[in-house]
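This report describes strand pairing, aromatic contacts, enclosed space and backbone geometry in one protein model. The reader may wish to keep the structure open while following the text.

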Amino acid sequence: MKRNILCIVAVLSMIGCLDDKTNYDYRDINDFSLSVGRMFTNWQESYVLYPGEEVTIEPTVRLSMDTLALNVSYKWLLNGKPVGEDKAYTYKAEQVGKNELILSVTDKDTDVAFSGRTIINVQSPLESGWLLLTESPSGSSELSMVLGRRYTRLVDNGYGGTKDRDTVIYSDVKFNLVPNLGSKPIKVVENYAWTTEDDEFGSELMILQRSGAVEVSGLNLERLIVTAGDFDAAGAPNGFMAKNAVLTWGTKWLLNETDNKIYGALATVTSDLHSGSYNSDPAFNGKQFRDILPCYKIGSNADVYKIIVAIGMDNTMYGIIDDGKATDHYENDFSMYYDNHNGGFAELQAASGENIDMSWFRNFAGNYIYHSYMDAGYYDNPYFSIVAKGGAYYWHQFTLEIPYRYADGPLTIVESKTGSLNPQMFTDYVDAALLTNNASTESAVLVATGNKIYGATYLNGDNGTELKGDFPARIAGIAVKDSRNRDYNSHLGVVLEDGNFYVFEVKPATKTSAMTLEELFHKNLKELNPNFGKVVDFVVKYGGDGSNVSFYRPF
């Protein structure tokens with residue numbers, strides 16, 4: 001045994017004396033093992049430009065060893081095509097749309113490469129902002145806009161990298177954007193086609209007016225068509241004049257002032273807002289209606305409204321089914337796939353086991369003041385109303401449910417909540433706006449009365465307190481740009497009868513203070529344009545494919 005051990009030791013000694021001719025060089029290699037956020041600095045996930053503007057992108061590149069003299073090469077690809085090999089790249093915006101810019105960096109010593117991707121959004125300056133529909137002294141309808149411009153900067157993300165942080169600057173005002181629009185304006189409604197992430201379908205605006213509704217491009221506000229031309233061969237009924245409209249990529253409904261009847265169109269293609277013609281005969285057997293409620297129907301997500309609420313002349317609510325969708329948008333098949341009930345008409349009933357007071361839904365003994373949609377769920381369609389009843393004022397929040405496999409019959413009411421509101425909010429009522437998606441504050445309703453703004457975080461029992469009461473003139477209208485991102489608070493637009501226009505940041509309530517308004521912008525529109533007319537409607541124009549309405553970024 002001892003002899004065997006000695007032999008083994010001798011063999012190992014001989015092996016140890018042999019020259020190792022194999023090259024095992026374990027030196028450190030400078031590579032791209034850092035995260036994208038740490039590797040590319042001075043680099044944003046997206047850029048926003050107007051046509052004619054340009055941006056020079058020159059990121060600082062770091063490798064894992066972070067050497068001072070990088071031996072690297074650069075290659076820029078714009079929408080898949082090579083456009084440069086310098087460290088910096090200058091992009092000049094020309095055509096409206098989304099552009100993918102990729103920078104590929106290669107370490108020449110190791111041939112290891114890594115890429116970063118950014119999106120350059122070229123927007124029309126008229127795509128989004130605060131939209132004012134006014135009537136001139138001669139009765140002409142005019143559209144004006146206070147533009148909201150988004151600037152993006154990089155901030156620390158708390159994890160050793162950076163993230164985009166947006167700031168909105170309100171500065172420019174455009175007047176009378178659509179010449180010869182019409183006369184005697186009533187209302188403006190924005191409409192969207194079915195969209196996917198890569199689609200460039202824009203929005204449209206329908207301008208309701210007594211001279212006849214017209215539609216304009218949501219991208220550049222160019223006049224498109226007279227709405228009456230979208231009726232079938234029989235044409236619009238005599239004296240037709242739409243006083244309200246709900247427009248979706250699946251259905252379109254016009255409430256006629258002349259006979260209080262609804263006229264509808266069912267789309268055949270979700271990507272074409274004019275693919276379906278309005279029927280010259282009134283819908284729903286000619287039933288008369290008092291109003292039709294606004295509806296959240298933007299984008300192609302599952303969480304969109306599938307029930308539109310209409311209110312009969314007896315103050316009874318009904319549901320209109322809107323559950324059609326694109327057959328297969330992944331394969332660019334935008335033809336309408338109907339879930340068998342698109343355009344159907346249904347009564348409302350309490351869900352089984354729910355204690356629902358149906359007096360709020362059938363033969364309601366009160367007056368409706370304000371309506372708003374909320375944030376829809378997969379099955380849930382929530383609405384919010386302000387009503388006057390028995391000399392008092394109330395908020396009413398309710399949710400309708402459409403099951404996955406809906407069958408003909410009543411729609412169910414799964415939730416109905418009410419609460420009182422401060423009557424001082426309605427002494428000289430003008431307008432209201434709902435904040436339902438502000439991540440940093442509770443759901444709140446803002447009410448304009450006279451020259452004052454009130455706010456109520458109604459779900460926690462707050463019935464309304466004065467937020468601002470020193471405006472120099474009576475308020476003409478208010479509108480809210482809501483936010484779900486905790487980095488951003490909602491913005492409130494306020495326009496006065498004397499032409500003063502304001503934008504406020506809505507600061508959420510804290511443990512020691514109530515909700516507050518912080519002024520961001522103020523101009524007198526009549527000083528800028530002495531011909532600025534009477535405000536008839538005031539809304540937030542989201543523009544584009546409606547993605548801004550997801551509340552994750554400002555304009």
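In strand E37, the residue that bridges to Phe 501 is Lys 523. The model in which this pairing is found is a predicted one. The bridge belongs to a longer contact, since strand E36 (residues 500-507) and E37 run antiparallel to each other and are joined by eight bridges. Both strands take part in an open sheet of four strands, ordered E34-E35-E36-E37 and paired in the antiparallel sense. Its edges are formed by strand E34 (475-481) and strand E37 (516-524), each of which pairs on one side only. On average, and with direction ignored, neighbouring strands of this sheet are turned by 20° against each other.

Phe 501 also takes part in a ring contact. Of the 37 aromatic pairs that the structure holds, one joins Phe 501 and Phe 538, whose ring centres are 5.6 Å apart and whose planes meet at 80°, so the arrangement is edge-to-face. The pair links distant parts of the chain, with Phe 501 in strand E36 and Phe 538 in strand E38, 37 residues apart. Phe 501 has a relative accessible area of 0% and is buried, and Phe 538, at 5%, counts as buried as well.

Strand E38 leads on to a further set of pairings. E38 (residues 534-541) is antiparallel to E10, to which seven bridges connect it, and within this pairing Leu 133 of E10 stands opposite Asp 537. E10 is also joined by seven bridges to strand E11 (residues 141-156), again in the antiparallel sense, with Gly 129 facing Leu 147 of E11. Strand E10 (residues 129-135) is largely enclosed by the rest of the structure, because seven of its seven residues are buried. Five residues separate the two strands in the hairpin of E10 and E11, where Gly 139 adopts a positive phi near 95°.

Positive phi values also occur at residues other than glycine, and the table sets out two such cases. As background, most residues other than glycine have a negative phi.

| Residue | Phi | Loop between strands | Relative accessible area |
|---|---|---|---|
| Asn 180 | about 55° | E12 (162-174) and E13 (185-192) | 72% |
| Phe 284 | near 60° | E19 (262-266) and E20 (289-292) | 14% |

Asn 180 is exposed, whereas Phe 284 counts as buried, because a relative accessible area under 20% meets that description.

Other aromatic side chains gather elsewhere: Tyr 296, Tyr 305, Phe 361, Tyr 373, Tyr 383 and Phe 398 form one aromatic cluster. Charged groups also lie over rings, and in one case the charged end of Lys 306 sits over the ring of Tyr 378, at 5.2 Å from its centre. In another, Lys 389 is placed over the face of Trp 360, with 4.4 Å to the ring centre.

How many cavities of 30 Å³ or more does a search of the whole structure find? The search finds one, and the volume of the largest cavity is about 40 Å³. Its lining consists of Thr 248, Trp 249, Lys 252, Ala 267, Asp 272, Leu 273, Ser 275 and Gly 276.

Notes. Residues are numbered from 1 along each chain as its sequence is written. This is a predicted model: local features need pLDDT of at least 70, side-chain atom pairs count only at pLDDT 80 or more; totals for chains, interfaces and linings use all residues. Side-chain values use heavy atoms; hydrogens and water are left out. Buried means under 20% relative accessible area, exposed over 50%, partly exposed in between (1.4 Å probe, protein chains only). Two strands pair if DSSP finds at least two bridges between them. Axes are lines fitted to C-alpha atoms, for helices over the stretch in contact, and angles run from 0 to 180 degrees between N-to-C directions. Rings of Phe, Tyr and Trp (its six-membered ring) pair if their centres lie within 6.5 Å; planes under 30 degrees apart count as stacked, over 60 as edge-to-face and the rest as tilted. A charge sits over a ring if NZ of Lys or CZ of Arg is within 6 Å of the ring centre and within 35 degrees of the ring normal. On a 1 Å grid over the protein atoms alone, a cavity is a set of points where a 1.4 Å probe fits but cannot get out, and a pocket is an open set with protein on both sides within 12 Å along at least five of seven lines; lining residues have an atom within 4 Å of a point. Grid points are joined across faces, edges and corners, and a volume is the space filled by probe spheres set on the points.
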